[in-house]
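Q: Please go through the terms used for this model one at a time. For each, set the value against the cut-off and say what follows.

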Amino acid sequence: MRDMTIKVAINGYGTIGKRVADAVSCQDDMEIIGVTKTRPSFGCDLAVRKGYPLYCTFDDADKISAFGEAGYDCKGGLKDLMAAADIVIDCSPGKLGAENKQKYQDAGVKWIFQGGEKHAMTGLSYTSCANHMQNMNAEGTRVVSCNTTGLSRTLVPLYEACGSLSVECTMIRRAADPGDSKKGPINAIKPVLKVPSHHGPDVMTVKPEININSLAVAVPTTIMHVHSIVATLPDGHGMTTESIIEMWKNQPRVIVMNGNETGITTTAEVMEFARDIGRTWGDLHEIFVWEDGVKLVDNNLYYFQAIHQESDVIPENIDAIRALMGTESDWKASVAKTDAAISALFD
Ligand SMILES: NC(=O)c1ccc[n+]([C@@H]2O[C@H](COP(=O)([O-])OP(=O)(O)OC[C@H]3O[C@@H](n4cnc5c(N)ncnc54)[C@H](OP(=O)(O)O)[C@@H]3O)[C@@H](O)[C@H]2O)c1
């Protein structure tokens, strides 16, 4: 009889890959069978310490043997890893997707890409609260970006409560991740001159019914994005500021807190709050909404939310695995299982 534990490979053990690997390994229905690095570098030590079998991103004999020469036990190349996997989570830098997808298809494994790839390449995208069912038993998908995931978490329940939604928003984006020394700006505010930006419209790849556009601007911070959102509700929506806040408080992976009462008024305090929770790397999987920054004026809802760019998509990858493998059709059940297993690590 087939072992029912889902065998998961991680191709690209960087910012997202190392987090997804840990989130997979604490679930009781899946396991990490290997992670890849392009070359022997410091990230290999983390994989070794965590007990994840280490593979080379490439199949060339000289690239694989370089790991051994540096003192690492490399189990083989990508083909060897694919031969043992049910599904691969591609966490490579964006835009490598098309080439990698062909390799996964040749090996007959299911695949999940990240938000750095285009929807057109995968033909399907994923956010648990928006389109889990649509992803059931699919060959592959793309977990949308951190910004798009954040927008979906608050906008999808709002859409479902009022039946139509038109949204304008601005993404105030961190310039680089904390571990990234290559990107900027470091002393400037950089508008994204391709307007509208891709972030808002990308929501429509998982929830086409939401009519949304966005602008984006990069600012010199590394810790979070902030979204400034105006959502227009239909006439006769029947919502109030209070009922919307209550709805978000009951939505998985959304935290609503009063900034002035708690003293959490900037992304610095949100991140400190996250570090206090105690998750690895100080991650915050939830979207943070400032309660006192939410206001419904006639049909227009104004609010701010903060996104921890390195981690909000991590639990989404776990739920996407269950959708593709066809093991859980109820998105809320999957989310609850995912989050309980992650939380148990830090209780
Ligand atoms: N960082 C974020 O805030 C964030 C948030 C949401 C989504 N995403 C998306 O997640 C994806 C990964 O981003 P990231 O931030 O994790 O990037 P990252 O930190 O640069 O990590 C990428 C990893 O991919 C590996 N790699 C390089 N070339 C590869 C190849 N040809 N095949 C497989 N792996 C390869 C690199 O390995 P070596 O280290 O061994 O060279 C590196 O560890 C991107 O699509 C990105 O847009 C990122």
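A: A helix here is a DSSP run of H or I with at least four residues, a strand is a run of E with at least two, and both are numbered from the N terminus. The model is predicted, so local features need pLDDT of at least 70 and side-chain atom pairs count only at pLDDT 80 or more, while totals for chains, interfaces and linings use all residues. Residues are numbered from 1 along each chain as its sequence is written, and side-chain values use heavy atoms, with hydrogens and water left out.

Q: In which helix is Lys 101 found, and why is this residue called buried?
A: Lys 101 is found in helix α5. Buried means under 20% relative accessible area, exposed means over 50%, and partly exposed lies in between (1.4 Å probe, protein chains only). Lys 101 has 18% relative accessibility, so it counts as buried. Its C-alpha atom is 36 Å from that of Ala 231, which is 130 residues away along the chain.

Q: What makes Glu 99 count as exposed?
A: The relative accessible area of Glu 99 is 54%, and therefore this residue is exposed. Glu 99 also sits in α5, which covers residues 97–107. From C-alpha to C-alpha, Glu 99 and Val 219 are 32 Å apart, with their positions 120 residues apart in sequence.

Q: Where is Leu 124 placed, and how do you know that this residue is buried?
A: Leu 124 is in the loop between α6 (119–122) and α7 (128–131). Its relative accessible area is 13%, so Leu 124 is buried. The C-alpha atoms of Leu 124 and Val 143 are separated by 9.0 Å, at 19 residues apart along the chain.

Q: Which residues come nearest to the ligand?
A: Thr 15, Ile 16, Lys 37, Thr 38 and Asp 177 come nearest, out of 22 residues around the ligand. A residue counts as near if one of its heavy atoms lies within 4 Å of the molecule. The shell holds 6 nonpolar, 12 polar and 4 charged residues. Domain 1 (6–144 + 313–344) and domain 2 (146–307) each give at least three residues to this shell.

Q: What makes the approach of Gly 14 to an oxygen atom of the ligand a polar contact?
A: A polar contact between protein and ligand is a pair of N or O atoms within 3.5 Å. A backbone N or O atom of Gly 14 lies 3.3 Å from a ligand oxygen, so the pair qualifies. For a backbone N or O atom of Gly 116 the distance to a ligand oxygen is 3.1 Å. An N or O atom in the side chain of Arg 174 is likewise 3.1 Å from an oxygen atom of the ligand. The protein covers 78% of the 890 Å² of accessible area that the ligand has on its own.

Q: What makes a set of residues a nonpolar core, and how many residues has the largest?
A: Such a core is a set of buried Ala, Val, Leu, Ile, Met, Phe, Trp, Tyr and Cys residues joined through side-chain atoms within 4.5 Å. The largest has 44 residues, and Val 8, Ile 10, Val 35 and Ile 321 have the most contacts inside it. Helix α13 (residues 314–325) gives the most to this core, with 6 residues.

Q: Why is a positive phi or a cis peptide bond worth listing?
A: Most residues other than glycine have a negative phi, and most peptide bonds are trans, so departures are listed.

Q: Where is phi positive in a residue other than glycine?
A: Arg 253 has a phi near 65 degrees, and Asp 298 one of about 55 degrees. Arg 253 is buried at 5% relative accessible area, whereas Asp 298 is exposed at 67%. Arg 253 lies in the loop between α10 (241–249) and β11 (254–257).

Q: Which peptide bonds are cis?
A: The bond from Gly 184 to Pro 185 is cis, with omega near 5 degrees. Pro 185 is in the loop between β7 (166–174) and β8 (190–191). Val 195 and Pro 196 are also joined by a cis peptide bond, with omega about -15 degrees.

Key: Polar contact = N/O pair within 3.5 Å; in protein donor to acceptor, adjacent residues only side chain to side chain. Areas by Shrake-Rupley, 256 points an atom, 1.4 Å probe, with all protein chains shown as cover. Nonpolar A, V, L, I, M, F, W, Y, C, P; charged D, E, K, R; others polar. Domains from an automatic or database assignment.
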